[in-house]
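Open the structure in your viewer and keep the sequence panel visible. The stops below say what to select and what is found there.

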Amino acid sequence: TGGTAVALAPFRLATGPLAEALVADSSGESVAAWEPEGAGAILLTLVTTPSRWQLEGNRERFAGYWSLLMGRVARAPAREWRATLPAAVDQPVSLTRRGGDSPAARIESPSGAADSVYLAQDPLEPARWEGTWWPRDAGWHHFTDDSSSLDVRVSGGWIAREAAARRRATVARTSTLARITGRPASGAPRRLPDWVWFVILLGSLAFLWAAYPSTSPGDQPRRAA
(Lines give C-alpha, C1' and ligand atoms only; values in the text may rest on other atoms or scores of the structure.)
Protein backbone atom coordinates (compact mmCIF):
# COMPACT_ATOMS: atom_id res chain seq x y z
CA THR A 1 0.00 0.00 0.00
CA GLY A 2 3.02 2.32 0.19
CA GLY A 3 3.88 4.89 2.85
CA THR A 4 3.92 3.70 6.44
CA ALA A 5 4.25 -0.10 6.73
CA VAL A 6 1.36 -1.89 8.43
CA ALA A 7 1.10 -5.43 9.73
CA LEU A 8 -0.60 -8.15 7.67
CA ALA A 9 -2.22 -11.35 8.84
CA PRO A 10 -0.21 -14.50 7.84
CA PHE A 11 -2.77 -15.64 5.26
CA ARG A 12 -3.40 -15.37 1.54
CA LEU A 13 -6.66 -14.29 -0.03
CA ALA A 14 -8.16 -16.78 -2.48
CA THR A 15 -10.44 -14.75 -4.72
CA GLY A 16 -13.31 -16.37 -6.57
CA PRO A 17 -14.85 -15.50 -9.94
CA LEU A 18 -17.06 -12.78 -8.39
CA ALA A 19 -14.45 -11.37 -6.03
CA GLU A 20 -12.72 -8.06 -6.66
CA ALA A 21 -9.32 -7.13 -5.25
CA LEU A 22 -9.25 -3.71 -3.60
CA VAL A 23 -5.77 -3.31 -2.09
CA ALA A 24 -2.47 -4.95 -3.01
CA ASP A 25 0.89 -5.02 -1.23
CA SER A 26 4.27 -4.10 -2.72
CA SER A 27 4.58 -7.53 -4.37
CA GLY A 28 1.19 -7.28 -6.03
CA GLU A 29 -0.57 -9.74 -3.74
CA SER A 30 -4.13 -8.85 -2.80
CA VAL A 31 -4.54 -7.89 0.87
CA ALA A 32 -8.16 -6.69 0.71
CA ALA A 33 -11.02 -7.91 -1.47
CA TRP A 34 -14.80 -8.19 -1.55
CA GLU A 35 -17.46 -10.28 -3.25
CA PRO A 36 -21.27 -10.12 -3.38
CA GLU A 37 -23.21 -12.53 -1.20
CA GLY A 38 -26.98 -12.64 -1.59
CA ALA A 39 -28.40 -9.16 -1.05
CA GLY A 40 -25.21 -8.05 0.71
CA ALA A 41 -21.46 -8.34 0.37
CA ILE A 42 -18.46 -9.88 2.15
CA LEU A 43 -15.29 -7.87 2.74
CA LEU A 44 -11.95 -9.49 3.63
CA THR A 45 -8.75 -7.68 4.59
CA LEU A 46 -5.39 -8.90 5.87
CA VAL A 47 -4.36 -5.49 7.22
CA THR A 48 -4.37 -5.85 11.02
CA THR A 49 -3.01 -2.45 12.05
CA PRO A 50 -4.60 0.26 9.86
CA SER A 51 -4.66 2.53 12.93
CA ARG A 52 -0.89 2.91 12.51
CA TRP A 53 -1.53 5.37 9.67
CA GLN A 54 -3.71 7.45 11.98
CA LEU A 55 -1.25 7.32 14.89
CA GLU A 56 1.68 8.40 12.70
CA GLY A 57 -0.20 11.38 11.27
CA ASN A 58 -1.13 9.92 7.87
CA ARG A 59 -4.84 10.62 8.26
CA GLU A 60 -5.50 10.89 4.53
CA ARG A 61 -4.29 7.32 3.91
CA PHE A 62 -6.26 6.01 6.91
CA ALA A 63 -9.46 7.70 5.73
CA GLY A 64 -8.89 6.69 2.11
CA TYR A 65 -8.33 3.05 3.08
CA TRP A 66 -11.60 2.74 4.97
CA SER A 67 -13.49 4.84 2.44
CA LEU A 68 -12.40 2.47 -0.33
CA LEU A 69 -13.30 -0.67 1.59
CA MET A 70 -16.59 0.44 3.10
CA GLY A 71 -17.64 2.25 -0.07
CA ARG A 72 -17.69 -1.07 -1.96
CA VAL A 73 -19.82 -3.00 0.51
CA ALA A 74 -22.08 -0.26 1.93
CA ARG A 75 -25.53 0.26 0.51
CA ALA A 76 -25.96 3.21 -1.79
CA PRO A 77 -27.01 6.19 0.35
CA ALA A 78 -30.46 7.62 -0.14
CA ARG A 79 -30.78 11.16 -1.36
CA GLU A 80 -30.68 13.47 1.62
CA TRP A 81 -30.40 17.25 1.89
CA ARG A 82 -29.30 19.23 4.92
CA ALA A 83 -28.97 22.97 5.52
CA THR A 84 -27.73 25.05 8.45
CA LEU A 85 -30.72 26.84 9.97
CA PRO A 86 -32.05 29.42 10.66
CA ALA A 87 -31.39 30.98 7.27
CA ALA A 88 -31.37 34.76 6.80
CA VAL A 89 -30.92 37.13 3.89
CA ASP A 90 -27.26 37.95 3.12
CA GLN A 91 -26.05 35.25 5.55
CA PRO A 92 -24.23 32.09 4.33
CA VAL A 93 -26.13 28.80 4.46
CA SER A 94 -24.15 25.55 4.31
CA LEU A 95 -25.76 22.89 2.13
CA THR A 96 -24.98 19.17 2.24
CA ARG A 97 -26.34 16.50 -0.08
CA ARG A 98 -25.77 12.77 0.16
CA GLY A 99 -26.17 10.72 -2.95
CA GLY A 100 -26.32 11.66 -6.59
CA ASP A 101 -23.59 12.83 -8.91
CA SER A 102 -24.79 16.26 -10.02
CA PRO A 103 -22.50 19.17 -9.00
CA ALA A 104 -25.32 21.73 -9.06
CA ALA A 105 -28.79 22.23 -7.63
CA ARG A 106 -31.54 24.45 -8.97
CA ILE A 107 -33.16 27.04 -6.72
CA GLU A 108 -36.60 28.57 -7.13
CA SER A 109 -37.17 31.73 -5.09
CA PRO A 110 -40.57 32.96 -3.82
CA SER A 111 -40.73 35.44 -6.69
CA GLY A 112 -40.33 32.62 -9.21
CA ALA A 113 -36.78 33.58 -10.20
CA ALA A 114 -34.46 30.65 -10.91
CA ASP A 115 -30.91 30.35 -9.65
CA SER A 116 -28.39 27.59 -8.96
CA VAL A 117 -25.80 26.65 -6.36
CA TYR A 118 -22.77 24.50 -7.09
CA LEU A 119 -21.61 21.71 -4.80
CA ALA A 120 -18.13 20.25 -4.31
CA GLN A 121 -17.65 16.51 -3.98
CA ASP A 122 -15.97 15.29 -0.79
CA PRO A 123 -12.60 13.72 -1.81
CA LEU A 124 -12.85 10.98 0.85
CA GLU A 125 -16.62 10.37 0.72
CA PRO A 126 -17.73 10.51 -2.92
CA ALA A 127 -21.43 10.34 -2.00
CA ARG A 128 -21.20 13.59 -0.04
CA TRP A 129 -21.53 17.00 -1.72
CA GLU A 130 -21.17 20.37 0.00
CA GLY A 131 -21.70 23.99 -0.95
CA THR A 132 -22.50 27.47 0.39
CA TRP A 133 -25.58 29.47 -0.57
CA TRP A 134 -26.16 33.20 0.05
CA PRO A 135 -29.91 33.95 0.09
CA ARG A 136 -30.99 37.20 -1.56
CA ASP A 137 -34.73 37.17 -0.81
CA ALA A 138 -36.88 36.24 2.16
CA GLY A 139 -39.44 33.44 2.01
CA TRP A 140 -39.55 29.78 1.02
CA HIS A 141 -36.90 28.57 -1.46
CA HIS A 142 -37.18 25.24 -3.29
CA PHE A 143 -34.02 23.22 -4.11
CA THR A 144 -34.14 20.42 -6.67
CA ASP A 145 -31.68 18.15 -8.46
CA ASP A 146 -32.19 15.01 -10.50
CA SER A 147 -34.46 13.19 -8.03
CA SER A 148 -34.51 14.99 -4.65
CA SER A 149 -35.61 18.32 -3.24
CA LEU A 150 -35.35 20.57 -0.20
CA ASP A 151 -37.41 23.54 1.04
CA VAL A 152 -35.73 26.26 3.09
CA ARG A 153 -37.42 29.27 4.65
CA VAL A 154 -35.28 32.42 4.65
CA SER A 155 -35.89 35.19 7.16
CA GLY A 156 -35.69 38.84 6.22
CA GLY A 157 -33.02 39.48 8.82
CA TRP A 158 -32.10 38.96 12.44
CA ILE A 159 -31.37 42.30 14.12
CA ALA A 160 -30.08 40.81 17.37
CA ARG A 161 -27.95 38.26 15.53
CA GLU A 162 -26.46 40.90 13.24
CA ALA A 163 -25.73 43.19 16.20
CA ALA A 164 -23.96 40.35 18.03
CA ALA A 165 -21.91 39.62 14.90
CA ARG A 166 -20.87 43.28 14.69
CA ARG A 167 -19.88 43.28 18.36
CA ARG A 168 -17.75 40.18 17.87
CA ALA A 169 -16.09 41.74 14.85
CA THR A 170 -15.35 44.93 16.83
CA VAL A 171 -13.81 42.99 19.72
CA ALA A 172 -11.68 40.94 17.32
CA ARG A 173 -10.53 44.11 15.54
CA THR A 174 -9.58 45.95 18.73
CA SER A 175 -7.77 42.88 20.07
CA THR A 176 -5.73 42.71 16.87
CA LEU A 177 -4.80 46.39 17.13
CA ALA A 178 -3.81 45.92 20.76
CA ARG A 179 -1.42 43.10 19.84
CA ILE A 180 0.11 45.18 17.05
CA THR A 181 0.53 48.44 18.99
CA GLY A 182 1.20 46.90 22.39
CA ARG A 183 -1.46 49.14 23.97
CA PRO A 184 -4.72 48.01 25.53
CA ALA A 185 -7.77 48.15 23.31
CA SER A 186 -10.25 50.99 23.68
CA GLY A 187 -12.71 50.24 26.44
CA ALA A 188 -10.59 47.46 27.96
CA PRO A 189 -9.84 47.74 31.71
CA ARG A 190 -6.39 49.12 32.50
CA ARG A 191 -4.45 47.93 35.54
CA LEU A 192 -2.37 50.47 37.45
CA PRO A 193 1.24 49.48 38.13
CA ASP A 194 2.05 48.29 41.67
CA TRP A 195 4.41 51.20 42.34
CA VAL A 196 1.53 53.67 41.90
CA TRP A 197 -0.42 51.99 44.69
CA PHE A 198 2.71 51.98 46.87
CA VAL A 199 3.21 55.74 46.41
CA ILE A 200 -0.46 56.37 47.25
CA LEU A 201 -0.10 54.30 50.43
CA LEU A 202 3.01 56.21 51.53
CA GLY A 203 1.34 59.56 50.85
CA SER A 204 -1.71 58.56 52.89
CA LEU A 205 0.41 57.45 55.85
CA ALA A 206 2.45 60.69 55.72
CA PHE A 207 -0.75 62.76 55.72
CA LEU A 208 -2.13 60.91 58.74
CA TRP A 209 1.17 61.30 60.61
CA ALA A 210 1.24 65.06 60.00
CA ALA A 211 -2.43 65.65 60.83
CA TYR A 212 -2.48 63.62 64.03
CA PRO A 213 0.96 63.84 65.74
CA SER A 214 1.58 61.39 68.57
CA THR A 215 1.85 62.69 72.18
CA SER A 216 3.86 61.29 75.10
CA PRO A 217 2.58 60.95 78.73
CA GLY A 218 4.78 63.91 79.80
CA ASP A 219 3.01 66.16 77.33
CA GLN A 220 -0.43 65.68 78.97
CA PRO A 221 -1.84 68.90 80.52
CA ARG A 222 -1.58 69.08 84.35
CA ARG A 223 -4.58 69.77 86.52
CA ALA A 224 -4.49 72.72 88.88
CA ALA A 225 -3.96 71.78 92.51
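Select Glu130: at 36% relative accessibility this residue counts as partly exposed, because that label covers the range between buried (under 20% relative accessible area) and exposed (over 50%), with a 1.4 Å probe and protein chains only. The model is a predicted one, in which local features need pLDDT of at least 70 and side-chain atom pairs count only at pLDDT 80 or more, while totals for chains, interfaces and linings use all residues. Residues are numbered from 1 along each chain as its sequence is written, and side-chain values use heavy atoms, with hydrogens and water left out.

Now add Arg128. The side chains of Arg128 and Glu130 meet in a salt bridge, 2.9 Å from N to O. A salt bridge here is a side-chain nitrogen of Lys or Arg within 4 Å of a carboxyl oxygen of Asp or Glu. Arg128 is also partly exposed, at 24% relative accessibility.

How many salt bridges does this rule give? The count is three.

For another of them, select Arg52 and Glu56, whose closest N and O atoms are 3.0 Å apart. Arg52 is partly exposed at 40%, and Glu56 is partly exposed at 46%.

Next, select Arg97 and Asp145. Their salt bridge has its closest N and O atoms 3.1 Å apart. The pair links distant parts of the chain, 48 residues apart: Arg97 lies in strand 6, and Asp145 lies in the loop between strand 11 (139-144) and strand 12. Strands (E, at least two residues) and helices (H or I, at least four) are DSSP runs numbered from the N terminus. Are Arg97 and Asp145 buried or exposed? Both are buried.

Stay with strand 6 and show its sheet. The sheet is open, with four strands in the order 4-6-10-9 and antiparallel pairing. Two strands pair if DSSP finds at least two bridges between them. Strand 4 (80-83) and strand 9 (120-121) stand at the edges; each has a single partner strand, so one side of each is left without a neighbour in the sheet. In general, strands of a sheet pair through backbone hydrogen bonds, either parallel or antiparallel. Strands 6 and 10 run antiparallel and are joined by six bridges. To see one partnership, select Leu95 and Gly131 in strand 10, which are bridge partners.

Leu95 leads to the next stop, the largest nonpolar core. This core has 15 residues, and those with the most contacts inside it are Leu95, Val117, Trp133, Phe143 and Val152. A nonpolar core is a set of buried Ala, Val, Leu, Ile, Met, Phe, Trp, Tyr and Cys residues joined through side-chain atoms within 4.5 Å. Strand 12 (149-155) is among the elements that give two or more residues to this core, and its three residues are the largest share.

Select Phe143 and its surroundings. Beyond four places away in sequence, Phe143 touches residues including Leu95, Arg106, Val117 and Trp133, where contact means heavy atoms within 4.5 Å. A second, separate core of 14 residues includes Ala9, Ala33, Trp53 and Tyr65.

The last stop is His141, in strand 11. This residue is buried, with a relative accessible area of 3%. Which backbone oxygen does the His141 side chain reach at 3.1 Å? That of Gly139; the side chain of His141 also reaches the backbone oxygen of Asp137, at 3.5 Å. Among the residues that His141 touches, not counting those up to four places away in sequence, are Ile107, Pro110, Trp133 and Val154.

Key
A polar contact is a pair of N or O atoms within 3.5 Å; within protein, one must be able to donate a hydrogen and the other to accept it, and residues adjacent in sequence count only if both atoms are side-chain atoms.
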